[in-house]
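Me: I am new to this structure. Could you take me through how the chains meet, and then the cysteines?
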Amino acid sequence: MISGRCAACKYLRRRCPSHCIFSPYFPPNDPQRFACVHRIYGASNVGKMLLKLPPHLRAQTADTLYMEAKCRIQDPVYGCVGIISHLHQQIRIAESQLAKTQAEIAVFNSIAREAQVQEIEADSNFFKNLLPEEITAAGLRSYGYGSPSTQTFKFN
Amino acid sequence: MGGNSPCASCKLLRRRCAKDCVFAPYFPPDDPHKFAIVHKVFGASNVSKMLQELPVQQRADAVSSLVYEANARVRDPVYGCVGAISYLQNQVSQLQMQLAVAQAEILCIQMQQGPVMPTQQIDEDNHDKSYFLHDNGLIPKFINFDSSSSTVIPDSFKRESIFRHDMVS
């Protein structure tokens with residue numbers, strides 16, 4: 001429970017009623033908060049905006065009004081819009097960088113696939129160029145037999 | 001400043017439109033809603049003070065941004081422009097994560113495939129560039145974006161399109 005006047009009523013130099021619309025959101029220990037909001041929107045407009053909303057939304061509304069007012073004071077020409085513009089620019093740069101990086105990955109992957117294909121083709125050409133007896137020897141060796149000249153055949 | 005016709009603000013405020021009316025260049029009589037919405041959110045007196053504090057060449061942009069903010073606040077009385085900023089910040093974070101994953105993947109590929117691969121240098125300028133948000137105090141820490149709120153995010157927030165298109169609904 002806030003005792004004494006809220007920041008708004010202190011600033012406006014008036015009595016702070018028990019049902020003051022500002023007091024829950026503009027405590028006396030933060031006079032600058034109300035000063036910012038009043039400078040940009042005016043106390044009357046802020047009060048109207050808060051009154052139009054259900055009580056559970058007023059705190060967030062007061063916070064966002066304060067944020068926008070601060071932005072406007074810091075940048076009197078563009079206010080929050082300057083930040084939005086800056087964010088859009090950041091998004092454009094990031095998207096461009098992401099697209100470039102993903103394209104690089106695609107290039108790497110396609111070079112790797114090509115290298116694999118070339119390796120397979122090289123192996124295939126190696127076998128094609130072998131003489132028939134070399135193929136046979138290679139085949140026999142793969143089944144655990146020695147060279148054909150060392151084969152001994154038994155005839156019944 | 002259209003001849004003898006009062007500007008939109010003087011029409012709404014029902015007063016004589018002086019020759020040096022601060023509003024006249026920016027609130028023509030054929031667009032009454034533009035001033036109405038700015039007056040509703042900021043108040044004519046506050047807008048007048050803000051404009052008078054700025055050099056003349058910056059006032060048009062200031063009016064455009066005020067109209068934009070007023071529209072955002074009317075569409076979303078709770079979050080206003082802050083809702084849009086929060087949404088965009090989330091987008092930046094997601095892109096940052098995707099980019100980090102992609103760059104890690106490139107490094108893995110480069111390590112696996114060795115020096116045979118064409119040298120693919122990650123753009124050193126952009127790699128170190130802090131194009132993602134850093135807390136420099138310029139961009140406030142925003143409250144969580146509540147998706148259940150009635151925030152309407154305009155399709156484009158580009159400054160050029162903001163100031164070209166009529167944002168008045």
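Reply: The answers below cover the interface and then the cysteines. This is a predicted model, in which local features need pLDDT of at least 70 and side-chain atom pairs count only at pLDDT 80 or more, while totals for chains, interfaces and linings use all residues. Residues are numbered from 1 along each chain as written, chains are lettered from A in the order written, and side-chain values use heavy atoms, without hydrogens and water.

Me: How many residues does each chain bring to the contact?
Reply: Chain A brings 48 residues and chain B 59 residues, where contact means heavy atoms within 4.5 Å.

Me: Which salt bridges join them?
Reply: The rule (a side-chain nitrogen of Lys or Arg within 4 Å of a carboxyl oxygen of Asp or Glu) finds two across the interface of chain A and chain B. One of them pairs A:Glu68 with B:Arg73, with the closest N and O atoms 3.0 Å apart.

Me: Changing topic, how many disulfides are there?
Reply: A search of the whole structure finds zero over all chains, a disulfide being a pair of cysteine sulfur atoms within 2.5 Å.

Me: What about A:Cys36?
Reply: The nearest cysteine sulfur to A:Cys36 is that of A:Cys71, 10 Å away. A:Cys36 is buried, at 6% relative accessible area (buried means under 20%, exposed over 50%, partly exposed in between, with a 1.4 Å probe and protein chains only).

Me: And why is B:Cys10 not bonded to B:Cys7?
Reply: Their sulfurs are 3.6 Å apart, which is too far for a bond. B:Cys10 is also buried, at 2% relative accessibility.
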